[in-house]
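Here are some exercises to work through with the model open beside you. Try each task before you read its solution.

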Amino acid sequence: MGCQTLLLTINADAIGQMSCNPAIGGLAKGHLAREIDALGGEMGKATDMTGLQFRMLNKKKGPAVWAPRAQCDKKAYQFRMKWVCESEQNLDVKQGQSAKILHKHGLAFGIETTLEVQFIGTTIIITTGTFLRGLMHIGANQQSGGRSGDAAAMSLSGSLKDVGIELGRLKTGTPPRLLRRSIDFSKMETQGGDEPAPYFTFWKTDLFHMEQSHVPAPVMNLSGGKYPPGSIVDRINGQLPCHVTFTTQRTAELIRANLHKSPMYSGMIEGIGPRYCPSIEDKIVKFAEKDRHQLFLEPEGIGTDEFYVNGFSTSLPFDVQVDLVRTIIGCENAEILRPAYAVEYDFAFPTQLYPTLETKVCANLFLAGQINGTSGYEEAASQGLMAGINAARKVKNLAPIVLRRNQAYIGVLIDDLVTKGTVEPYRMFTSRAEYRLLLRQDNADLRLSQLGFEIGLLPSRNHILFQAKELAIKSEIVRLHSSYYEGSLLAKILSRPEVNYSQMPECLDSLSDEVVQQVEIAIKYAGYVQRQEVDVARAKNLEDKNIPATFDFTSVPSLRLEARQKFAKIRPATIGQAARISGVSPADISILMVWLKRWVSAKSEVEAASHDSCKADIVDY
């Protein structure tokens with residue numbers, strides 16, 4: 001966006017490193033990744049360029065919940081992201097650990113490192129991941145670190161508190177990594193990728209491998225078109241397979257016998273863990289009636305024999321982990337390369353942020369990612385993108401960009417955080433979006449690419465492609481609604497559940513698959529879409545009612561104490577946002593609207609009287 005920017009990181013070799021599973025997308029997370037791409041971000045391209053396996057999840061359900069997921073090459077993804085950062089013209093990458101936020105009179109103006117080097121900037125964005133006073137747990141063993149092998153950031157938490165940010169403590173975990181040759185895949189179900197493989201990026205012409213293959217497994221190009229011998233299992237449909245296996249009764253018995261050794265159950269871990277990505281201990285305790293639990297063994301790359309055991313995160317002691325792993329079907333002789341561990345870290349309660357992700361207590365200071373209580377790469381990337389956009393626009397004295405809940409999953413994510421807050425790691429789901437039929441992963445470009453171009457993120461070459469696609473969709477929908485075949489309207493024929501576009505009379509072969517998909521969805525789901533658009537229009541009335549920044553919520557006498565306190569703390573920007581605050585009732589909103597109307601009216605009268613007084617003074621003079 002034209003701003004001179006510094007990326008300061010503890011270890012420059014770890015830019016883009018995937019601390020947990022090297023996978024992008026999944027349910028709702030795939031929507032976020034495609035929205036980032038539609039706005040001009042890098043995640044989708046990096047995924048397509050380094051993916052090992054691609055799938056579209058939930059295809060048996062409606063298009064609103066379809067979600068792309070890719071298993072990536074861990075190192076290839078990291079190297080590509082590092083190269084992207086290093087080659088960006090206005091971005092300086094420097095290695096250093098932030099220790100202190102420089103601020104004065106409620107205004108942040110720079111960062112000081114542990115080497116006492118100061119960097120001065122107009123806006124500052126803090127994106128600390130799990131590194132704020134990070135503490136790793138393996139049984140009773142505790143080690144300081146943001147992730148295995150990396151140091152924690154120990155000083156920055158104190159500086160955030162000095163600024164006025166209230167911090168809490170969260171916990172997340174990761175499973176063990178196993179050695180491929182020690183796994184018996186013959187006892188497991190093989191899970192291949194989809195063919196043709198779904199893409200994450202809308203801008204396929206930006207991918208260098210397009211001429212060679214439709215399958216987005218470009219890591220082949222990194223190895224001269226061949227995989228390192230002996231490092232991977234056989235490929236399926238040009239992609240690497242994953243494998244499905246299960247725990248056993250012996251797994252549950254071992255966990256119950258060693259539960260007292262788990263730091264999560266012994267009380268050593270204070271932080272709250274992720275509800276939707278529980279440890280294997282949690283699964284055994286909370287779902288005691290289950291005979292077994294499904295696990296996925298997923299490759300970490302083409303140049304490594306490490307396999308990720310998805311669904312088996314734990315913080316039990318290493319010796320217990322070894323025994324536990326060998327109770328998994330097909331892992332009876334498995335060797336652990338890297339042990340599982342839990343990591344505990346500081347986070348900032350996100351209700352301390354404006355919807356722009358700027359902190360309320362300190363101007364020009366933005367927070368993004370896991371520091372705001374989220375989990376996952378996609379949630380962090382979404383926040384980082386929006387914080388970056390708004391920090392840059394603040395430098396340029398431009399109005400901030402706040403995505404609405406009916407505009408993007410990114411809008412839902414940020415609104416949930418700053419309005420409702422969280423006390424546990426927040427994860428995006430399609431169920432969190434009330435307008436999910438409008439917010440599909442397939443139409444993210446139609447929703448956001450024009451905005452991405454206008455704010456300077458999306459290149460003109462991509463915008464031209466977007467405009468051509470948009471025109472093709474609109475033109476074909478118009479044609480189908482105005483053309484007949486044997487007395488039947490073409491749009492009516494296509495609306496039948498059993499008919500797809502290729503079976504249509506007078507269908508156009510020249511249209512791309514993406515255009516055809518949009519045309520089909522628009523016509524088949526027209527009634528549902530229109531109904532949701534009516535809901536959006538109805539809610540827009542509340543979203544358009546702004547609450548002045550100077551409005552004193554404590555002056556509203558009829559409000560319940562809880563509502564008054566929450567309004568004063570969160571300071572909602574609109575009536576719509578106020579209505580979504582936990583614990584606020586419809587009656588509270590009605591009272592607020594009445595008093596807000598009185599307040600605005602009274603203020604107008606005061607301003608009018610002041611204006612008349614000024615006019616009188618001028619006449620007298």
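A residue is called buried when its relative accessible area is under 20%, exposed when that area is over 50%, and partly exposed in between. Keep in mind that this is a predicted model.

**Exercise 1. Classify Cys507 and Cys72 as buried, partly exposed or exposed.**

Step 1: Cys507 has a relative accessibility of 23%. That value lies between the two cut-offs, so Cys507 counts as partly exposed.

Step 2: The relative accessible area of Cys72 is 0%. This is under 20%, so Cys72 is buried.

**Exercise 2. Find out how many disulfides the structure holds, and explain why Cys72 has no bond to Cys242.**

Step 1: Recall that a disulfide is a covalent bond between the sulfur atoms of two cysteines.

Step 2: Take the cut-off, which asks for two cysteine sulfur atoms within 2.5 Å.

Step 3: From the sulfur of Cys72, the closest cysteine sulfur belongs to Cys242 and is 11 Å away. The two are not bonded because that is too far.

Step 4: For the structure as a whole, the count of disulfides is zero.

**Exercise 3. Describe the largest cavity: its volume, its lining and the classes of its residues.**

Step 1: The structure has three cavities of 30 Å³ or more, and the largest cavity holds about 40 Å³ of space.

Step 2: Look for its lining, which includes Cys20, Pro175, Cys277 and Tyr308. Strands β12 (167-174) and β17 (306-310) are the elements that each give two or more residues to this lining.

Step 3: Sort the lining by class, and you get four nonpolar residues, five polar ones and no charged ones.

**Exercise 4. Do the same for the second largest pocket.**

Step 1: The volume of this pocket is about 1100 Å³.

Step 2: It is lined by 43 residues, and the closest to its centre are Lys204, Asp513, Glu514, Val515 and Gln517.

Step 3: Two elements, α13 (460-480) and α15 (513-524), give two or more residues each. The largest share, nine residues, is from α15.

Step 4: By class, the lining has 22 nonpolar, nine polar and twelve charged residues.

**Exercise 5. Which residues of helix α9 are buried, and what covers them?**

Step 1: Go along α9, residues 318-325, and pick out the buried ones: Val320, Gln321, Val322, Leu324 and Val325.

Step 2: Look at what covers these buried residues, and you will find, among others, strands β10 (135-138), β13 (177-179) and β18 (336-338), together with helix α6 (249-258).

How values were computed:
Residues are numbered from 1 along each chain as its sequence is written. This is a predicted model: local features need pLDDT of at least 70, side-chain atom pairs count only at pLDDT 80 or more; totals for chains, interfaces and linings use all residues. Side-chain values use heavy atoms; hydrogens and water are left out. On a 1 Å grid over the protein atoms alone, a cavity is a set of points where a 1.4 Å probe fits but cannot get out, and a pocket is an open set with protein on both sides within 12 Å along at least five of seven lines; lining residues have an atom within 4 Å of a point. Grid points are joined across faces, edges and corners, and a volume is the space filled by probe spheres set on the points. Helices (H or I, at least four residues) and strands (E, at least two) are DSSP runs, numbered from the N terminus. Ala, Val, Leu, Ile, Met, Phe, Trp, Tyr, Cys and Pro count as nonpolar, Asp, Glu, Lys and Arg as charged, and the others, Gly among them, as polar. Buried means under 20% relative accessible area, exposed over 50%, partly exposed in between (1.4 Å probe, protein chains only). Contact means heavy atoms within 4.5 Å.
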